[in-house]
Amino acid sequence: MQHPAEGSPDGTTTVLQPGFLASLFRELGADEDEDPTTEGRTTADPTTEGPAAGGPAAGPAPTVLPPRSGPDGAADDPVAAHGRAAALTHHRTLAVQAEHQHLADLLRRAAQPVSAMDFESQLRSYQPRPFPDDGPQAEPEPAWADFAPPEPADPDPDQPRSRRLLDSGYQRELAQARLRHQRALREWRTRQAELADSGAVAARQAHEEAERARARAVQEYNDSLEECRRAYRQAEPAAVESLLERALAAAEGATRDLPAPCRAVFRALTRTAVLDLDLPPLDTVPALAGYRLTEAGETEPVPRPAADVRTDYLRLAARLALRALQAADAVDTDEVLAGVVLNGWLRVPGQPPQCLLSVDADRDALARTRLVPDAGHLGDEGADGGVYAEAEHDESLLRLRALAAVITPDPYAGEAVQPWGSASSAVPALDELSPGEFALLVRAVLTAGGLRDWSVRLRGPAGLVATAEGDPGSGLPGRWVVWASRGPGPVTAEEIATLAEAVREEGADRGLRMTCGRFTEEALDLTGEDRHQRIHLMDGPGIRELARTHLELPLTL
């Protein structure tokens with residue numbers, strides 16, 4: 001094929017090399033088996049590549065414009081457009097698969113056991129570092145003993161030692177040795193002066209001073225750590241919170257690409273740690289299974305079932321919560337904590353935080369619950385193994401529910417749960433206490449008042465029912481039935497009658513009705529009757545007064 005050369009005044013022509021137009025249109029997106037054409041009439045060049053094998057017979061190419069897209073409104077070739085759509089679908093599907101693999105990796109790492117950050121593991125040791133160059137500056141001063149000649153042999157034992165030392169040969173050797181010693185001293189002092197001028201001595205002194213500073217720093221750190229341990233054993237809130245947050249931060253290090261900070265507040269009133277865990281965003285879990293190409297040639301997302309997305313997020317949140325509980329339990333080697341309350345919060349910018357899970361576990365519950373999943377449950381079998389197990393069979397969720405945890409059924413629907421306890425302050429109000437804390441407080445104040453031999457008959461979110469014995473000489477003598485409720489609702493006369501019946505059935509001497517709320521007028525009037533004279537009432541102010549009197553710890557109003 002020949003074309004007139006542009007800008008050639010003599011009208012000469014330039015012959016294009018075979019395959020040039022094919023490669024040009026291949027770059028523009030056209031098929032290689034289509035004969036390229038130009039404006040006007042063209043003929044097939046027998047030297048260029050023909051149709052692909054098995055295609056139509058060779059013949060004159062149709063007069064068409066090259067398939068392209070541009071501002072003139074020309075449309076893409078359907079085959080090329082379909083190929084580009086298929087490639088885009090494939091790449092987007094690979095991206096979604098990478099998100100699923102990242103989630104599986106997060107689930108595995110979130111379930112790994114954490115190292116205990118107790119006081120013993122935080123002690124430091126000092127190891128001296130040698131000076132980098134032990135050269136001539138470390139040379140000792142020449143000693144006379146290294147140059148003194150040996151004394152002459154003693155031929156006659158009766159001859160005095162002074163006569164032997166006056167031997168002329170020995171005196172000559174002695175003089176020569178003294179000369180050598182003096183020469184060695186001068187050379188050594190000269191080298192020392194040169195080293196002092198070169199700064200080597202100053203460098204060694206600086207190194208020794210730095211080593212002494214390192215030793216002092218290690219000793220001061222260990223002393224401060226021992227002081228913190230003493231404060232921790234005395235249940236000082238600052239020391240307990242510092243140790244807990246250090247352990248929680250170390251546990252978070254396994255998933256640095258998924259920040260999940262956890263703050264700790266220690267309440268000395270109930271010796272309970274309240275942990276606030278920030279849960280990951282909802283979009284951490286992939287909502288798509290991939291992409292597919294429709295019959296119309298369009299790329300279409302394939303959503304995952306909503307139940308699978310919901311379960312994966314709850315599974316991840318459960319493993320993060322178990323990891324935080326394990327870190328708090330492992331660091332408490334001195335058994336200062338009586339219980340742990342953990343609240344998992346979802347924080348979305350511009351919206352109030354939502355509590356998606358809450359755990360109220362005492363020391364006994366933490367001790368009998370395995371907080372780390374088994375090795376075979378960490379998803380080593382692949383995507384169809386432990387990581388993506390069914391929700392009802394997921395070990396992390398089952399163990400979290402074994403701790404009497406409340407978990408939202410659907411985090412994507414905004415269904416929040418009521419946290420068991422609030423970490424707003426170290427000195428809580430009565431309504432901020434968790435069920436476990438409330439039970440501990442009731443037992444602590446009544447034990448300090450004289451009741452012992454506790455037997456809890458019923459315990460739940462609303463409160464507890466228990467029996468206890470008081471010494472005859474104490475302020476609470478005899479056998480008691482205690483009914484304490486933590487809700488703000490008023491106590492009715494029917495509940496007072498129920499407590500009186502329980503006192504008769506238990507053969508107890510008295511009954512005590514405690515509430516964080518108040519009593520109705522009918523309930524107060526009922527206790528004035530003769531048959532209910534053995535029933536004693538205590539409302540919120542009374543509980544606060546008992547805590548201040550017996551435990552010397554106030555409660556916020």
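Student: I'm looking at helix H10, and I'd like to know what covers its buried residues.

Tutor: The cover over the buried residues of H10 includes H8, E8 and E9. Keep in mind that we're reading a predicted model.

Student: Which residues of H10 are the buried ones?

Tutor: Start with the general idea. An α-helix has 3.6 residues a turn, so residues three or four places apart point the same way. Now the case here: H10 spans residues 395-402, and its buried residues are Glu395, Ser396, Leu397, Arg399 and Leu400.

Student: And what happens just after H10?

Tutor: Look at Ala404 there: this residue takes a positive phi of about 60 degrees.

Student: Okay, let me step back. How many helices and strands does the protein chain have?

Tutor: You can find 14 helices and 14 strands in the protein chain. Of its 557 residues, 37% are buried. The chain exposes about 31100 Å², with carbon and sulfur atoms supplying 53% of that area.

Student: What share of the contacts joins residues at least 24 apart?

Tutor: If you take contacts in the protein chain between residues at least 6 apart in sequence, 66% of them join residues at least 24 apart.

Student: Now the sheets. In what order do the strands of the sheet with E3 come?

Tutor: Read across the sheet from one strand to its neighbour. Here 5 strands form an open sheet, in the order E3-E4-E7-E8-E9, with mixed pairing. At the edges you'll find strand E3 (262-267) and strand E9 (406-407), each pairing on one side only.

Student: In what sense do E4 and E7 pair, parallel or antiparallel?

Tutor: Parallel: E4 (residues 272-278) and E7 (residues 339-346) pair over 7 bridges. To pick out one partnership, find Leu277, whose bridge partner in E7 is Gly344.

Student: How should I think about the side chains along a strand?

Tutor: In a regular strand the side chains alternate between the two faces of the sheet. Then look for what lies across the sheet. Helix H11 (residues 435-449) lies across E3, E4, E7 and strand E8 (354-362), and runs at about 170 degrees to E4.

Student: Which strands of the other sheet does H11 lie across?

Tutor: There, H11 lies across E10, E11, strand E12 (478-485) and E13, at about 160 degrees to E10. Helix H12 (residues 493-506) packs on the sheet too, where it touches E10, E11, E12, E13 and E14. The direction of H12 makes about 150 degrees with that of E12.

Student: What is the strand order in that sheet?

Tutor: This is an open sheet of 5 strands in the order E10-E11-E12-E13-E14, and the pairing is mixed. E10 and strand E14 (535-538) stand at the edges with a single partner strand each, so one side of each is left without a neighbour in the sheet. From one strand to the next, the twist averages 20 degrees.

Student: How many residues lie between E10 and E11 in their hairpin?

Tutor: The hairpin of E10 and E11 has 2 residues between the strands. E10 (residues 451-460) and E11 (residues 463-470) run antiparallel, joined by 7 bridges. Within that pairing, Val456 stands opposite Ala466 in E11.

Student: And which way do E13 and E14 run, parallel or antiparallel?

Tutor: They run parallel, with 4 bridges joining strand E13 (residues 510-515) to E14. Leu512 has His536 as its bridge partner in E14.

Student: Which residue takes a positive phi in the hairpin of E5 and E6?

Tutor: That's Gly297, with a positive phi near 85 degrees, in a hairpin that has 5 residues between the strands. Strand E5 (residues 288-293) and strand E6 (residues 299-303) run antiparallel and are joined by 5 bridges. Gly290 has Val302 as its bridge partner in E6.

Student: Back to helices: at what angle do H7 and H8 cross?

Tutor: Helix H7 (residues 237-252) and helix H8 (residues 306-331) cross at roughly 135 degrees, and their axes come within 9 Å. The two helices are therefore oblique to each other. H7 makes the contact through Leu243, Leu244, Ala247, Leu248, Ala251 and Glu252, while H8 brings Arg323, Ala324, Ala327, Ala328 and Val331. As for handedness, the crossing of H7 and H8 is right-handed.

Student: One last residue: is Arg229 buried or exposed?

Tutor: Arg229 counts as buried because its relative accessibility is 13%, and buried means under 20%. This residue lies in helix H6 (residues 200-233). Leaving aside neighbours within four places in sequence, Arg229 is in contact with Phe119, Glu120 and Asp334.

Terms used
Residues numbered from 1 in each chain as written. Predicted model: local features only at pLDDT ≥ 70, side-chain atom pairs only at ≥ 80, totals over all residues. Heavy atoms only, no water. Pairing = 2+ DSSP bridges. Contact = heavy atoms within 4.5 Å. Axes fitted to C-alpha atoms, helices over the stretch in contact; angles between N-to-C directions. Buried < 20%, exposed > 50% of the residue type's maximum accessible area, 1.4 Å probe, protein only. Areas by Shrake-Rupley, 256 points an atom, 1.4 Å probe, with all protein chains shown as cover. Parallel < 35°, antiparallel > 145°, perpendicular 65-115°, else oblique. Left-handed = near helix turned anticlockwise from the far one by under 90°.
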